[in-house]
Amino acid sequence: MTDRAAARARMSRLHRAPEPEVLRELLPAATLDDAARARVVDTARGLLGDLRGAQSEGWVNRFLHQYRLNTQEGVALLALAEAFLRVPDPETADLLIRDKLGTADWSAHAGQSDSLLVNSATWGLVLTRAVVGESEKAGTLRRLVQRAGEPFVRTAVGTAMRLMGQVFVMGRTIDEALARADEDDYRGFTASFDMLGEAARTYEDAQRYFESYRDAIARVGASNTSKDHSISVKLSALHPRYETSHADRCVPELIEMTLALAVQAAEAGIGLTVDAEESERLMMSLDIIEGVATAPRLAGWDGFGMAAQAYGKRASAVISWAQHLAAETQRKMTVRLVKGAYWDSEIKRTQEAGLADYPLFTRKAATDVAYLAVAKDMLAAPNLFPAFASHNALTVATILDWAGPRRDFEFQRLHGMGGGLYERLVQEEGYRCRIYAPVGGHRDLLAYLVRRLLENGANSSFVHQLADPNVTEADLLADPAAKIARIGGTPHPSIPAPRDIFPGRANSAGLDLHDAEVVHPLAAELAATPLPAAAKGHEIDGAITRAHAAADAWNAVAVEARAACLDRLANLMETHRSELMAICVKEAKKTIPDALAEVREAVDFCRYYAVNARAQFAVMPLPGPTGERNELRLAGRGVFAAIAPWNFPLAIFIGQVAAALVAGNAVVAKPAPQTPLIAQRAVELAYEAGIPRDVLRFVPGGPEVGRALVADPRIAGVAFTGSTATAKAIARSLLEDDARPIVPLIAETGGINAMIVDSTALPEQVVADVITSAFRSAGQRCSALRLLLLQEEIAERTLHMLKGGMDTLILGDPGDIRTDVGPVIDDAAYQRLESYRQSKRDQWVHALDAPAGIDRFVPPTIIRLGEIEALTQEWFGPILHVATWKSGALEETVRRVNAKGYGLTMGLHSRIASAADRVMAEAKVGNLYVNRSMIGAVVGSQPFGGEGLSGTGPKAGGPHYLYRFALERTVSIDTTSAGGNASLLSIDDLGL
């Protein structure tokens, strides 16, 4: 095994290793002896003085100090900065200003700063609130300023947002940034220019970013005779499918693009650094860096570099890998060490995915320890040129102490932040410092600005703590290694392990589909797993007879025992996860990610209903007068018919069955005729989990089986998911026999699900969420987006980007990990959808081509509508309709959607909080999703189910679902009937 291969193997071991185990390896290198600690603290005190002096200079620094992110006003300003400059229409801009500035308590900050300009700005905010707020004073002032009022405020806010942009962005163009870097404020500093762009959503985006990098290299090279400026490149800006599942394509393409930029930089005599990305892309980025570094055309060039993130558990192994790569290619490689930029999103994604552990540290002090340990490794690596990016005085002081008289390294800081920390070191002591300098227009600034302000405004960040008067110098200079050693490296108690995020139950276990070591063996295993042979189903009358005979005995089983069966079933499904996924892929035509989500949802249903049943089916004492005992009990209804759909043939099938069983019912379960095999396997596992065979009967078949099932008078309840027409037919059938008891029907049907987008929304986020919501699972989800409603002012720009995003989709075999969209379920669905699609050909906005050689492909298609009312029914496939709405007509738009009678899901993309409030008040839907995709409801977090034509409720995966499967029975006992109220007569005479 080569040294680089050994380092990669160590990365695999560390990736999701327990936090104490990883820190145990790092602590010795980060621990200072007493003498070194004293020297470091002394140096850090001096740096603190420099930092505090700089923080008090300049009204912008003091303004940001006054409005930190731990204040309501700071959050409001951040939200306004993120959205305001992209809003094209004055009406929405005014709404945004009113939303963000009209409610915060600006007057509490009046006169609080020692800066006249900050206090003036505060009074401006007080005045703004008066103009845009809702108070009586606001109305008077609005009348006073009349027509000039809101345009004046709008102009002033726009100017302020641009000024804030200038603080954090070096220039709108590379020439402007170069000119600014020559100003006296930057004397002695060099810059690494970063062309703003968080990620490409389309190939057009990627090409534009690539050209911006080429232009920047040319401009910096032409002006860089003695400056030593460099360029930073973000790989995700160069490819819209920079994903592990697409590595076979994106990695070679990114090597080619990055190599072209590196060759140009080498010829121009400037450095080029590959920025760090989310941890799930780390191994791909190393492949790309290796591909560029080993290219013969770059032999002997020392200008190539990379960034590493210390918050990742693999950081030390990454540095080892970089040293070995640099040694093998006989070069000096720059490594920029940062603490990390995606911590919060990586925590959330790991929890959502149900992975074994986090790929990063959960405590800020642990990241500080890792940073110091890795920094020491970098200083000792002969083929690395260390670049230490930090705003932390203690970190900087520690590195200075370790480096001693050396100057063969540099520090780095973000433009607009950390001012004062390095000026004396650079201008008086000969150290080098490079400013990471973003370049781009104000539109491109937004995502970057929010990320940087969030990082540095977080309670645990050094920049935030420095500005907090309640944080002492001793706190600022506390030894992170001592902190971590004292607690044994344990994770943060407020950040539970991904498995433990739900109270009372384990989160379903996921698979890391961003890890090539997981993905490729998984895909091979699924491909090799055969479909099971179809077993003979139970005869309908016999199945009902046996279930009816077994129902009372099952209802008498203690709820704890019934719940334990569900827990065992959940565990068995996790054990057989690959087998179940393979059946979903081959029988239901699900993509691999969708198949994994299907199994996880089924597991979550079992565990969630088990937890709820234990609490809800316990005997409930009720109040009453003395001398009697009143109790409420829940009991099963008898035999439930569970009729599941083909689009969620495991999750919904198991969800219905598990709820009915744990509530004390026997169940006769009918899967969809297209997907009997996955249901059959689930029933076999249920038997293995301890469900008696007569309590759960399996009756596969077509509509005739369903009709016979619901018509049988022994059926005491029906759980159904499918079309509205079928649900109505079931409801009529249940009422035909006047002698039959009234039977509950729990129906979840479809919907004409709309997403409303206003002009404050971030287009890149909208496009990603629209594509996910409309086309994932080939649009064959009840919750899928059917009607996209764009505010007129941003419609064409959004559609242009949406078309480009669609062009990045891969249509093909669902068993291929690269596939985004597979075929529809059967010939009938294909004929219906394709006939409709072709009938609307003259209204197509964009359509993809069906792949050759695979049947039943309905390509993702966007159809333009003249008005909202033109869509009158649900089209259950990858067909998205789009219409526009006028600014100021938000509530009217929601009411027009409501008028269709469906009420399943709705989406809203807006940065105006009051817009979400207004939609919540108007929307008649079961599930409203704000600033996110509309699919993927999580059991217990987003209970799922609609109203109107979209279902009866209660919501599946919600706290009230089990009650519908149960009868309520009360018992009242006169406890005095045996000769008096003994409990009343025996009470003590207290209080005397």
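Modeller: Buried means under 20% relative accessible area, exposed over 50%, and partly exposed in between (1.4 Å probe, protein chains only). The model is predicted, so local features need pLDDT of at least 70 and side-chain atom pairs pLDDT 80 or more, while totals for chains, interfaces and linings use all residues. Residues are numbered from 1 along each chain as its sequence is written, and side-chain values use heavy atoms, without hydrogens or water.

Colleague: Which residues of helix α23 are exposed?

Modeller: Helix α23 (residues 516-528) is a DSSP run (H or I, at least four residues; strands are E, at least two), numbered from the N terminus. Its buried residues are Val519, Leu522, Ala523 and Leu526, and these pack against α26 (577-588) and α27 (592-616), with contact meaning heavy atoms within 4.5 Å. On the other side of α23, the exposed residues are Glu517 and Ala528.

Colleague: Which helix gives the largest share of the largest nonpolar core?

Modeller: A nonpolar core is a set of buried Ala, Val, Leu, Ile, Met, Phe, Trp, Tyr and Cys residues joined through side-chain atoms within 4.5 Å. The largest one holds 117 residues, among which Phe193, Ile231, Phe388 and Phe411 touch the most other members. Its largest share, 11 residues, is contributed by residues 364-380, which form helix α16.

Colleague: How many residues belong to the second core?

Modeller: This core is separate from the largest one, and its members include Ala523, Ala551, Ala644 and Ala666. Of these, Ala523 is also one of the buried residues of α23. The number of residues in this second core is 97.

Colleague: What is the bridge partner of serine 232 in β3?

Modeller: A closed barrel of 8 strands runs from β1 through β2, β3, β4, β5, β6 and β7 to β8, with parallel pairing, where two strands pair if DSSP finds at least two bridges between them. Within it, strand β2 (residues 230-233) runs parallel to strand β3 (residues 271-274) and is joined to it by 4 bridges. Across this pairing, the partner of serine 232 is threonine 273.

Colleague: Why is one side of β9 and of β25 left without a neighbour in the sheet?

Modeller: These strands belong to an open, antiparallel sheet of 3 strands in the order β9-β10-β25. Strand β10 (residues 628-636) pairs with β25 over 9 bridges, and leucine 632 stands opposite threonine 970 in β25. One side of β9 (620-622) and one side of β25 (966-974) lack a neighbour because both strands stand at the edges, each with a single partner strand.

Notes
Expected span 1.5 Å × (residues − 1).
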